[in-house]
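Welcome, and take a moment to turn the model around before reading on. The report below is meant as a friendly first tour.

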Amino acid sequence: MRNHKKIFLALIGIAAVLSACDDGKIYEESIHVEREGGSVRLTGQIEGNHDWASGYSIVLAGFSSDSEYAKTAKGITTNEDGSMDIVLSGIPSEVTSIEICAINRLRKRIARFYSFDYTEQEDTIRIDAGNVDASMFNSIQTNVFDRTCINCHGGSTTAAAGLYLTDGKSYDALVNVPADKSPDQMFFVTPGNSEESFLHLTLNTDISADWGMDHIDMITSSDLLKLIDDWIDNGAKK
Ligand code: HEC
């Protein structure tokens, strides 16, 4: 009887310790896949890494060339001035690139901000990443607008529908700005409400069917569509 009580109390103790550790941050500690292997010491300045929606982590991570899931990852912590000094050790041998990136809860890479080639090293290598803009909006700019939209929206001489989605112009063109194509003047981006954002409707519904340029299949990655919605719902921060 006594022993049962002790075990029961011990279990409660363990549960309390575990729940106390759960502060919502998913990659505070490094995940050591194996002990041997090289390590990387990364320095630099980073901004925008605190403004991400929940479900994402900004990490220093190792990837192999055949997978978009991190083999090892460590949450990026910064000093008050935004400087970072991070050591990622025990890097598994299959890792071929080290990156500053955003991963989701499954450790899948959603956006990459900085990367360098990595072939197995026994010693610590030092990397200076310089200035890194790891904001949620910058990840949309580079992964969505720069890749898929600016050919027609401002990268050349004219912007379709007068909508500039180029770096430096896109944010002010979208956030709290009424869309011409919207019958009820819905904003392109209504901070906090992706469902009431014309950008969301443009990319996720057939609303553009009669514009002369169908937009519904332009972004097929569900991760990127979710990233845009999560950015809007998280307040559409710059
Ligand atoms: C191949 C050219 C092309 C590409 C690429 C393109 N668009 Fe468009 N876009 C257009 C055209 C054409 C229109 C409608 C212009 C008109 O009828 O005045 C339009 C209109 C829009 C509108 C409505 C503008 C308004 O004023 O209401 C939005 C929003 C939009 N595009 C977003 C995007 C986004 C986001 C991307 C990238 C994922 C993108 N577009 C990629 C050609 C393009």
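The tour goes from the overall fold to the ligand, then to one helix, a group of aromatic rings and two single residues.

**The overall picture**

Please keep in mind that this is a predicted model. The protein chain holds 5 helices and 7 strands. Along the sequence they follow the pattern α-β-β-β-β-β-β-β-α-α-α-α. Of the chain's 238 residues, 45% count as buried. Among the contacts in the protein chain with a separation of 6 or more, 60% are between residues 24 or more positions apart.

**Around the ligand**

A shell of 21 residues surrounds the ligand, and those that come nearest are Cys-149, Cys-152, His-153, Lys-181 and His-215. By class, this shell has 15 nonpolar, 4 polar and 2 charged residues. Helix H2 (136-149) and helix H4 (198-204) each supply at least two residues of the shell. The largest share, 4 residues, comes from H4.

Three polar approaches to the ligand are set out here.

| Residue | Protein side | Ligand atom | Distance |
|---|---|---|---|
| His-153 | N or O atom in the side chain | nitrogen | 2.8 Å |
| Asp-180 | backbone N or O atom | oxygen | 3.4 Å |
| Lys-181 | polar side-chain atom | oxygen | 2.6 Å |

**A closer look at helix H2**

Helix H2 deserves a visit of its own. The helix bends by about 30° at Thr-142. Is H2 enclosed or open? Helix H2 is largely enclosed by the rest of the structure, because 10 of its 14 residues are buried. Among these buried residues are Met-136, Phe-137, Ile-140, Val-144, Phe-145 and Cys-149. Cys-149 is also one of the residues that come nearest to the ligand.

What covers the buried residues of H2? The cover includes three strands, S2 (56-63), S6 (109-117) and S7 (124-133). It also includes helix H3 (170-174), helix H4 and helix H5 (222-233).

Asn-138 makes a good example, with its place in helix H2. Its relative accessibility is 17%, so Asn-138 counts as buried, the cut-off being under 20%. Leaving aside neighbours within four places in sequence, Asn-138 is in contact with Phe-113 and Asp-133.

**Aromatic rings**

The count of aromatic pairs comes to 9. One of them joins Tyr-171 and Trp-231: the ring centres are 6.3 Å apart and the planes stand at 70°, so this pair is edge-to-face. Tyr-171 lies in helix H3 and Trp-231 in helix H5, so the pair ties together parts that are 60 residues apart in sequence. Both Tyr-171 and Trp-231 are buried.

Ring pairs also link Tyr-171 and Trp-231 with Phe-137 and Phe-145 into a cluster. Phe-137 and Phe-145 are among the buried residues of H2, so you can find this cluster by starting from that enclosed helix.

**A stop in a loop**

The last stop is Pro-178, placed in the loop between H3 and H4. Is Pro-178 buried, partly exposed or exposed? With a relative accessibility of 35%, Pro-178 counts as partly exposed. Not counting residues up to four places away in sequence, Pro-178 touches Gln-185, Met-186, Phe-187 and Phe-188. Pro-178 and Phe-188 are 10 residues apart in sequence, and their C-alpha atoms are 6.1 Å apart in space.

Key. Residues are numbered from 1 along each chain as its sequence is written. This is a predicted model: local features need pLDDT of at least 70, side-chain atom pairs count only at pLDDT 80 or more; totals for chains, interfaces and linings use all residues. Side-chain values use heavy atoms; hydrogens and water are left out. A residue is near a molecule or strand if one of its heavy atoms lies within 4 Å of it. A polar contact is a pair of N or O atoms within 3.5 Å; within protein, one must be able to donate a hydrogen and the other to accept it, and residues adjacent in sequence count only if both atoms are side-chain atoms. Ala, Val, Leu, Ile, Met, Phe, Trp, Tyr, Cys and Pro count as nonpolar, Asp, Glu, Lys and Arg as charged, and the others, Gly among them, as polar. The bend at a residue is the angle between axes fitted to the seven residues ending there and the seven starting there. Buried means under 20% relative accessible area, exposed over 50%, partly exposed in between (1.4 Å probe, protein chains only). Contact means heavy atoms within 4.5 Å. Rings of Phe, Tyr and Trp (its six-membered ring) pair if their centres lie within 6.5 Å; planes under 30 degrees apart count as stacked, over 60 as edge-to-face and the rest as tilted.
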